[in-house]
Amino acid sequence: MHAIGAKGTTRWRWVLLPGLLLALLIGAWQVATSTGAIAELFSLEPYLVPSPVEIAESLWENRSLLAENAWVTLREIVFGVLCAIAVGIGFAVAMQRWRTVHDATYPLIVASQTIPIVVIAPILVVWFGYGLPPKIFIIALICFFPITIATLDGLRSVDPEAVKMMRTLDASRWQRFWRVEAPTALPQLFTGIKIAVVIAPIGAIFAEWAGSSSGLGHLIQSDTANFEVARQFATVAVLSAIALALMALTVLAERRVIRWR
Amino acid sequence: MRQDTNMKPESGQQGLSLTALQHSYGELETLAAIDLEVPAGGVVGLVGPSGCGKSTLLELICGLREQTGGRVAVAGHEAAAQRLARCAFMPQRDLLLPWYSALDNAALALRNQGLRREPARAAAADLFERFGLGGFEAARPTELSGGMRQRVAFLRTLVAGKPVLALDEPFAALDAITRGEMQEWLAAALRTDPRTVVLVTHDVEEALYLCDRVAVLSARPGRIVAELGVPARRAEDRDAAVTDPAFVAAREQALRALHRGSRGS
């Protein structure tokens, strides 16, 4: 894989190549839907299989509705991921520092990821209501895992020779952490955050399905009942755009913070 | 050729004193009864086959590890924390921290000791000029050559202000020409800023050129099989020094001792 932005040519490759592939797929889809091929194949009413052009139209017509709901979902995702970062770093640091904490929490952290969100989400809605807290909780629950594991791996990749060296250079436990361990773990932390921002929208949708009065997940749910298929696709496109934007933001932040690579 | 046991130091003496020092990892004995005296300002080389416990010995001296038997004293202090406070360790790889500039790397110990960034940098900057690193203060470690990185790493060790420097094969990763240059450089550095030095190396010539004395260790469990006096003692002209007949004879002697030791005599 090429480093993003390493050279002029590679800078464009990562925009151009996926763009081309996407255009190709959308073109094929347009042909397949406007000729009615897919609808015929699956014996469906044509309005259930919207073409890219119809989806784009829906995207434009519903722009204020989509923006309103996207704002709701974006807030859930951002707060959820921020909580996940705080909790993930906290766990990773504590697990690295204290063996007992590591041994006690590791199996439970793994087990936390086997909790089916669809099961726990309605319970959380019952407990915390329709508002923001259950959404943040669910997103943080699925996002803290990659951040914890990646950061822990990063902290463990510290060269033991460097630690010895720092000890003879009079570094306290804290100084060793801030000057050697934390910077060493930073790239891994960012890897965890990148995974988190991509899976967070899925968490947001499940959380909204369990109970909400707004948000992109809520919109998809109500559109399912009304066979608003074009708008559902438009909503999914907005959700993907959110994930891509957060990913890009994370990569930018990473490049700003980790200047030595 | 063993150290005369009558020459034990008085307690409170400066320098380094190892007495019947022994270390094991569980069942595995790594060091057997090491006796070694290094006066303050003395430079002693440790050569020996791979895995003979040279690095373990350095860690014991620095107080990074506890011995399983015998005694080790740095300037008369035996407690590990006291040893740690008096020794600075330079690892084989430079281990410069890539997130700091060359100058900030060199100033690391001063920062750890509680100095603010600017005074710490100013103190290290003086040494940069003196040790031929002027102009590279702001360079990132990745922008420096191998020799330059090793210089910064040595300065980082020196700046800590410890009386004892523990150098673990500091130039092993460099090419032969750079290594020769760095040996000359280190010799000059020790002439202007004398410290008690324990130098672990694979390179007999390096040890004989840089040290006052060279201790040859046997294969595991490491014990000192020979201690050699040195003819050159950090002469300014390294090339002339290492081709001197007395130096060549000392090298032969050291290599023979090394061969005997590696067969596990």
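This report describes a predicted model with chains A and B, taking each chain in turn and then the contact between them.

## Chain A: overall composition

Chain A is built from 11 helices and zero strands, so that reading along its sequence gives the pattern α-α-α-α-α-α-α-α-α-α-α. Taken along the principal axes, the C-alpha atoms of chain A fill a box of roughly 75 × 55 × 30 Å.

Of the 261 residues in chain A, 34% are buried. When the contacts of chain A with a separation of 6 or more are considered, 74% of them are accounted for by residues 24 or more positions apart.

## Helix α6 of chain A and its two partners

Helix α6 of chain A, residues 117-128, packs against helix α7 of chain A, residues 132-156, with axes that come within 9 Å and cross at roughly 150 degrees. Because an angle over 145 degrees counts as roughly antiparallel, α6(A) and α7(A) are described as roughly antiparallel to each other, and the crossing in which α6(A) passes α7(A) is right-handed. On the α6(A) side the residues that meet the partner helix are Ile117(A), Ala121(A), Leu124(A), Val125(A) and Phe128(A), while α7(A) supplies Pro133(A), Pro134(A), Phe137(A), Ile138(A) and Ile142(A). Sorted by class, this contact between α6(A) and α7(A) has 10 nonpolar residues, with no polar and no charged ones.

The second partner is α9(A), whose axis and that of α6(A) come within 8 Å and cross at roughly 50 degrees. That angle falls outside the ranges for roughly parallel, roughly antiparallel and roughly perpendicular, and α6(A) and α9(A) are therefore oblique to each other; their crossing is right-handed. The contact is formed by Ile117(A), Val118(A), Ala121(A), Pro122(A) and Val125(A) from α6(A), together with Gly203(A), Phe206(A), Ala207(A) and Ala210(A) from α9(A). By class, the contact of α6(A) with α9(A) has eight nonpolar residues, one polar residue and no charged residues.

## Ala200 in helix α9 of chain A

Ala200(A) lies in helix α9 of chain A, which runs over residues 173-210. Ala200(A) has 26 other C-beta atoms within 10 Å and is therefore buried, the threshold for that class being 20 or more.

Once the neighbours within four places in sequence are left aside, Ala200(A) is in contact with Ile77(A), Gly80(A), Val81(A), Ile139(A) and Cys143(A). With respect to Ser222(A), Ala200(A) is 22 residues away in sequence, and the C-alpha to C-alpha distance between the two is 21 Å.

## Chain B: overall composition

The secondary structure of chain B comprises 10 helices and nine strands. The C-alpha trace of chain B spans about 50 × 45 × 35 Å along its principal axes, and its radius of gyration of 18 Å agrees with the value near 18 Å that a compact globule of 265 residues would have.

Buried residues amount to 46% of the 265 residues in chain B. Among the contacts in chain B between residues at least 6 apart in sequence, 69% join residues at least 24 apart.

## Two positive phi values in chain B

Most residues other than glycine have a negative phi, which provides the background for two loop residues of chain B. Ala75(B), in the loop between β4 (69-74) and α2 (80-84) of chain B, has a phi near 50 degrees, a positive value in a residue other than glycine. With 19 other C-beta atoms within 10 Å, Ala75(B) is partly exposed.

Leu95(B), in the loop between β5 and α3 (102-106) of chain B, likewise has a positive phi, of about 50 degrees, although it is not a glycine. Leu95(B) counts as buried, with 21 C-beta neighbours inside 10 Å.

## Contact between the chains

At the interface, 18 residues of chain B are in contact with 15 residues of chain A. On the side of chain B that touches chain A, the elements giving two or more residues are β5 (87-90) and α4 (108-112) of chain B. The residues on that side of chain B divide into 14 nonpolar, two polar and two charged.

Key:
Residues numbered from 1 in each chain as written. Chains lettered and ligands numbered in written order. Predicted model: local features only at pLDDT ≥ 70, side-chain atom pairs only at ≥ 80, totals over all residues. Contact = placed C-beta atoms within 7 Å. Helix = DSSP H or I, 4+ residues; strand = E, 2+ residues; numbered from the N terminus. Nonpolar A, V, L, I, M, F, W, Y, C, P; charged D, E, K, R; others polar. Rg over C-alpha atoms; globule rule 2.2 N^0.38 Å. Buried ≥ 20, exposed ≤ 12 C-beta atoms within 10 Å, placed from the backbone. Axes fitted to C-alpha atoms, helices over the stretch in contact; angles between N-to-C directions. Parallel < 35°, antiparallel > 145°, perpendicular 65-115°, else oblique. Left-handed = near helix turned anticlockwise from the far one by under 90°.
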